[in-house]
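Work through three short exercises on the structure below. Try each task before reading its solution.

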Amino acid sequence: MQRSNGSLTIHAGRVLDGTGAAAATDVVVRIERSRIVSVGPASNAPPADGQVLDFSNATLLPGLIDCHTHTNMPGDGRRGEDVHLADDDAIRLLRSAHNVGRALETGVTTVCDCGGWNQTTFRLKDGLQQGVVHGSRVLASGRPITVSGGHCWFMGSEADGVDGVRHAARQLIKEGADFLKVMATGGSTLGSDPFRPQFSPEELNTISLEGHRRDRKVVAHCRSNEAMRMVVDAEYDAIMHGWFTDQHGARVFDEHLAADIAERGICVNPTLQITRSRIPILQARVDNGTATEEETTMLDRMRRGHATTLEQVGKLIEHGVQLMAGSDCGWGVYPFGRFDLELAAMVDAGLTPAGAIASATGGNAKALGIDDTVGTVAPGREADLLIVDGNPDEQISDVTRVLAVLKAGRVVVNNAA
């Protein structure tokens, strides 16, 4: 890690500022300590004072923001139940430290942890703030609020009834939750139902009120139309996954619901890559002749399901819904360090590469309420920056061609050195 002597000047060939505007060319970005103090044409820049980095043949953009991760999870195929039984909180915390370090190396300078065991994610934040952990900035929900026996019950915040969910929300905020994550439907947790609501409308409303009165964003894991309608009516800020299904799991797109989501300004994080993350693994088994009949059937089902998901997310884009870029990495077989796969999937769904970059930078920052600190290349913002070889606004895979990463004005990766 390199530290400038109070002043750092970067000459960039192109700058994407995180707002969705077209790239500016031949730009100088000046940083004092941790913050950007000026951004402007190189032709008008005063003589550099302090350290100078020349990236005149590269693209500079804000550090990426992944709005949906699980830092406790290994991304190696183990289920939540497996991690609950096999690991303790010490191992899960060590894994979180490793995962945020890996994320930072790939240009993801901020992650939202959307569900971890007990107080592990709060301790992760403490470690980052004290400098004993090297990694991305973290916004943590702590334990997701779920019903008894509901999705991710093993993480430690089962709550039932209006009084129960009120206490759970207040307790999480007391412990340091940056936002509240609510399991509005079941999910992959054994015994939960991913296509039916877990909470009553009154319970969902109570959590929303408690979060908002303490200036916290409130987001909901949702995999059904009925639950999404309840969450929209309860004025949640964002929907995670956002599957349009009936109570039996059939994919049914609800145009009126999509229009309401757009009209009310509720963001949707579609977590596209995780719905197709097992496809290459199963395809390899089919290709080499080792796939079972069950795996061959599963591959076909996953391909058809993912195609439907892409189609439905494309309709959300047409309705004007603001998409949030979030990978759900750590879960399933999705490891940290490949946020680019989620951005590529968003492009497959209908966003332009420039639109995917804007979603993962300024868009996410605004949706999370941190746009006064990070997400754009502008004076006054923290100097969390990613510099890549190529034009990611034209070819999204260029985000993987990392030349340098800065966090709070410090160069934490410099592959061009």
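**Exercise 1.** Locate R223 and describe its charge surroundings.

*Solution.* Start with the position: R223 lies in the loop between β9 (217-222) and α6 (225-233). Helices (H or I, at least four residues) and strands (E, at least two) are DSSP runs numbered from the N terminus. The model is predicted: local features need pLDDT of at least 70, side-chain atom pairs count only at pLDDT 80 or more, and totals for chains, interfaces and linings use all residues. Residues are numbered from 1 along each chain as its sequence is written, and side-chain values use heavy atoms, without hydrogens and water.

Next, charge. R223 is buried (under 20% relative accessible area, 1.4 Å probe, protein chains only). R223 has no salt bridge (Lys or Arg side-chain nitrogen within 4 Å of an Asp or Glu carboxyl oxygen). D328, the nearest side chain of opposite charge, is 7.8 Å away.

Last, contacts (heavy atoms within 4.5 Å). Beyond four places in sequence, R223 touches residues including T185, F195, H241 and W243.

**Exercise 2.** Is V231 buried or exposed?

*Solution.* V231 sits in helix α6. Its relative accessibility is 0%, so V231 counts as buried. Beyond four places in sequence, its contacts are A184, L204, A220, C222, Y236 and I239.

**Exercise 3.** How do the axes of α9 and α10 cross?

*Solution.* Take α9 (residues 279-287) and α10 (residues 293-319): their axes come within 10 Å and cross at roughly 140°. Therefore α9 is oblique to α10. Oblique covers angles outside three classes: under 35 degrees, over 145, and 65 to 115. Among the residues making the contact are L282 and V286 of α9 and L299 and M302 of α10.

Notes. Buried means under 20% relative accessible area, exposed over 50%, partly exposed in between (1.4 Å probe, protein chains only). Lys and Arg count as positive and Asp and Glu as negative; His and the chain ends are not counted. Axes are lines fitted to C-alpha atoms, for helices over the stretch in contact, and angles run from 0 to 180 degrees between N-to-C directions.
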